[in-house]
Amino acid sequence: MRNKGFFWFLTILLTAICIYQLSFTWVSNSVENKAGKKAEAEAARIIEETEADADGTRTYTLNNGVVVDLNKGDAKELIKAALINDDLLGQAEKEVYPVFGSTFKEVKKRSLAFGLDLVGGMSITLEVSVPDLVKNYARNENQPQFRRAWDAANEFYTENGGDFIDLFMEQHAKLNPGKQAVRFFAFSEIDELDMNSTDADVKAFLEGIETTSMGGVKEIMERRINQFGVAQPNIQEDKTNNRLYIELPGVQDEVTVKENLVSTANLEFFETYTLQQIAEGWTAAMELSKDDEVVLEDTPVVVDSTEIDTTLNDTTSISADEDLFDEDEELDFLSDSTEELTGLASYMALMIGDSRIGLVLPENRGKVNALLNRKDIKAVFNSDVKFMWSAEMETMGETKETGYILYAIKVPLDGKARVGGKDIASANRDYNQDEGSVVVNVRMTEEGSDKWAQMTEANKGKVVAITLDDVVYSAPRVNGVISGGNTEISGSFSIQEADNLSGLLNGGALPTKLVLKEFNKVGPTIGADNSKSSLLSFGIALLLVFVYMIFYYGKAGIVADIALFANILFIFGALGSFGAVLTLAGMAGIVLTIGMAVDANVLIFERIREEQAAGKDLKAAVDTGFKRALSSIIDANVTTMLTAIVLKSFGSGPIESFATTLIIGIFTSVFAALVITRLCINWWMKKGKNITFESKMTKGAFKKLNFNFVGKRKMYYMISGVLIIGGIIAIVARGLNPSVEFSGGRTFGIEFDKSASSEQDLVKNELLKQFGDGVSVETKTKGSSFFLEVTTNYLREDESTDGDKLVKEKLEAGLDECKSKLGGYSIEESRSVSPTVSKELVVSSAWAIGLSLLIIFAYILIRFGRWQYSIGAILAMVHDVVLVLAAFSIFHGILPFNMDVDQAFIAAILTVIGYSINDTVIVFDRIRENLRTFKGTDEQENINRSLNSTLSRTFNTSITTFIVLLIIFIFGGTAIQGFVFALMIGVIVGTYSSVCIATPVLIDLSKKVKKEAE
């Protein structure tokens, strides 16, 4: 080995760097463990000392405003998580690493990040709304010709996806022939456009703003996330799809997170209409609402299709409506005759003589939204009328009815507020001495101050609505001109609520609306369980591999174990250095790497044993063994690397984490085997000590085997043919069970006080009563009989916060009906995936598998120079994939763990492809070598010799990998059992196909070999 000094230096340097990098993780874990013990004691004290209310409820309010029900099983964990978060936030600037003087904030930033499935928390996928982005640049969004083209493009885009800008330009050309698109846009305010700009120029401009739309969004998100006190948020940009992937470890307050992150935080000031001013339109709307919607032909849409807010969560507690109500104010409240009324009249209590149109009970707000969103009802109002709801429910009138207030907002003809978010300089919480209440003071820019003064001058004695994201936060009456640019938003704010609102405004308004595409929540208990199970499986698997290598290879096995330990250190060090997030799937990737990492050592050791058997001395055998094993090691790892790169490119979340650890593991495994193993063996030999590559029990193993693989290939074809045909029949007959990721919808993980396995039908039926007809509900146990996973497509098209809340309310209502048999319950996990994301995942998964096969075909063709090798390898991989799919089709719903087709399953398929090709390439490498070495000899004999000579390597690699997977399957937790089960099947069929399918196909496609074989 040349340059031994350099490689020793490099190994020591890498080891030191990894230990240094991981030291930050050890320090941060120490601080967090102390905070955890402190929070554990405090949470127990809170639960013990909190007394019940008169109705028997026991609640505790966290610092972030979240109310925890202490009677629920997850109460302690929720309180503990919040206390830990508060504690760590308070230590952010304290020095906790005495050697380097680093603060906890600095230490945490440089430590290894853990995914939600290991520590609990939430992840959220947000997408920039391109339709709203285009609308923001319109001169007048309500202009009929622009609106027709925009609505048509948006309808197709919502149902089918695609490129919205292309769709918009196509619809414009179709619906507005001969009219320049630039006329729809405020080109006087856009440097890139002027009145002579062509449609191509407009399209190029819109595509440019779409490309740059992510600029600043990530920074705004980071400022908002700081309000949650998250020590180590993970934010990733996907500029291709205009998406942000955000992980918030330890955060459990999903309502606050959704509202603060999705909100554009666009504060706007509008004039208002009274009921009398829109009386004609309102009367017509009430009449129309009594019957089904009237289809209007060729009627221009003149009102914003998003005019009725559907994103506000009913539980929001911020309101700033000035107290303009009198106790005896006349309200047209519904009496006992309500049932005789129909349409809008049956849901609303109209208000006389004010800017507020009416009061709506919370359970009826969605129904009013649906009516006012009807195209025939929209058409009866003027184009400048836009309806918005109050931010908080109000109680008024003699009947003390409580509900949301509906406002009629007067929108300027161009659709833009006279004073808006760009005019806001800053906001802060304050206290109004006269009113004795908490308020939010808004300071405007110089230009904003002038516009606000002009607006208040024109509206003396009238009501102006102060709105945030189309929700009315305050509706004060203007008593005089407001100059100077300072405006007070008053209302029933708590200190926390005022801080949240001011923080949201100071964080900055987003350039456009963000759409919630995917949401996932993992409870702290599940995260802790996953961490323990993954560490346990990691430790057991590592120990078994260490023992097996020593058992089979004797002293050389000790060297392999040293290299394997260094390999693991390098993997964790690299993950910490690159800022990668370690998830449960990532842990599985590392443990799988342990099983596969020994492959390079096995290849080297088997080659050395062969050279020794041929009569070479130890030094010559070692030199030749390393040299001849190099080609197989490179080929095997490059093919696996190609699959991992495809995973990394097409996957997200846990799939990307798995691919990251696999890619890092491939590099570190090759380095450890070729460098560290060689250094250790050379050092051992230099000391004059003998090193053996077999133990007494394994001496001569696999050396005298001489199976006639070539001659029995037809039998293998028959076996595989029966399995493949049976598998295809099973797939067609039973099908595969797609997860919510591929079908869209919501999944909830629910833990009951009593066993629920025998009561799944009860749970399903009660939920169907709540969700209604035509809704899909699936239930299955997960991990234990006390834990049920519920999946439903109810309101899967509704991606708003309101939709999430309604689904959860109906879910809880159905679960409450089951309490008599199942006792109490707690919702430990939740996940929602939009249908558009589901379609994208299906497409990207198909591309990932297809691209993997194509890349591997090309690589093998280049490396082996004959297409027969590529076809043999591809058919073997297809064979393996079909059998794995068949197993999931046959056993889903039978075996007691998740066997849904999800992203993890696709990762398993791609991993099986990588493993299968790894095995096949090793066999092909030996066939090619022997055909070159023994030219002129019988090719059938050469191929049989090649297959038999690689059996030892095939057995050892397969058995170690399978043992590792079996340990993960048993001890790794229910979350990844389906994933590991697919890999276990893949290892078995992959080992079989590399010997019994790939090589026979190679033979039958090669005329000369086939002729000799027959």
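**Figure 1. Helix α19, its length and its kink.** Helix α19 runs over residues 618–650, and its 33 residues should span 48 Å at 1.5 Å a residue; the C-alpha atoms at its two ends lie 47 Å apart, which agrees. Like everything shown in these views, the helix comes from a predicted model. Follow α19 along its path and you will meet a kink of about 35°, centred on Leu630.

**Figure 2. The whole chain, as a map for the close-ups.** Before zooming in further, it helps to take stock of the protein chain, which comes to 33 helices and 26 strands. It has 1014 residues, and 56% of them count as buried. Looking at contacts between residues at least 6 apart in sequence, 76% join residues at least 24 apart. The accessible surface comes to about 43,800 Å², and carbon and sulfur atoms account for 55% of that area.

**Figure 3. The largest nonpolar core, with Phe605 in view.** In soluble globular proteins, nonpolar side chains tend to be buried together. Here the largest nonpolar core has 131 residues, and Ile604, Phe605 and Phe693 are those with the most contacts inside it. Helix α20, residues 654–686, gives the most to this core, contributing 17 residues. Which residues does Phe605 contact, leaving aside its neighbours within four places in sequence? They are Met549, Tyr553, Ala556, Ala560, Thr677, Ile681 and Phe693.

**Figure 4. A second core, apart from the one above.** Elsewhere in the model there is a second, separate core, made of 25 residues. Trp150, Leu167, Phe187 and Val202 are included in this second core, and they make handy landmarks for finding it.

**Figure 5. Arg607 and its partners on helix α18.** Arg607 and Glu610 both sit in helix α18 (residues 584–613), three residues apart, or about one turn of the helix. Their side chains meet in a salt bridge, at 3.9 Å from N to O. Is Arg607 buried or exposed? With a relative accessibility of 5%, Arg607 counts as buried, because the cut-off for that label is under 20%. Beyond residues up to four places away in sequence, Arg607 touches Gly625, Arg628, Ala629, Arg926 and Glu929.

**Figure 6. Lys703, a loop residue beside α18.** Lys703 lies in the loop between α20 and α21. Its relative accessible area is 38%, so Lys703 is partly exposed. Although Lys703 and Glu610 are 93 residues apart in sequence, their C-alpha atoms are 9.0 Å apart in space. Not counting residues up to four places away in sequence, Lys703 touches Glu606, Arg609 and Glu610.

**Figure 7. A salt bridge across the sequence, and a shared network.** Side chains of opposite charge can pair when their charged atoms come close. Asp1004 and Arg713 show such a pairing, a salt bridge of 3.0 Å from N to O. This pair links distant parts of the chain: Asp1004 is in helix α32 (residues 998–1005) and Arg713 in helix α21 (residues 713–734), 291 residues apart. How much cover does each partner have? Asp1004, at 24% relative accessibility, counts as partly exposed, whereas Arg713 is buried, with a relative accessible area of 5%. Separately, salt bridges that share partners join Arg607, Glu610, Arg926 and Glu929 into one network.

**Figure 8. The Glu287 and Lys290 salt bridge.** The structure holds 26 salt bridges, and one of them is formed by Glu287 with Lys290. The closest N and O atoms of this pair are 3.2 Å apart. Glu287 counts as partly exposed, at 45% relative accessibility. Lys290 is partly exposed too, with a relative accessible area of 41%.

**Figure 9. Ser993, a buried residue in helix α31.** Ser993 lies in helix α31, which covers residues 977–996. At 0% relative accessibility, Ser993 counts as buried. Which residues is Ser993 in contact with, leaving aside its neighbours within four places in sequence? The list is Ala876, His879, Asp880, Ser916 and Ala998.

**Figure 10. Helix α29, mostly covered.** Helix α29 takes in residues 939–949, and eight of its eleven residues are buried. To pick the buried residues out in your viewer, select Glu939, Gln940, Asn942, Ile943, Asn944, Ser946, Leu947 and Asn948.

How values were computed: Residues numbered from 1 in each chain as written. Predicted model: local features only at pLDDT ≥ 70, side-chain atom pairs only at ≥ 80, totals over all residues. Heavy atoms only, no water. Core = buried A, V, L, I, M, F, W, Y, C linked by side-chain atoms within 4.5 Å. Buried < 20%, exposed > 50% of the residue type's maximum accessible area, 1.4 Å probe, protein only. Helix = DSSP H or I, 4+ residues; strand = E, 2+ residues; numbered from the N terminus. Contact = heavy atoms within 4.5 Å. Expected span 1.5 Å × (residues − 1). Bend = angle between axes of the 7 residues up to and from the residue. Salt bridge = Lys/Arg side-chain N within 4 Å of Asp/Glu carboxyl O. Areas by Shrake-Rupley, 256 points an atom, 1.4 Å probe, with all protein chains shown as cover.
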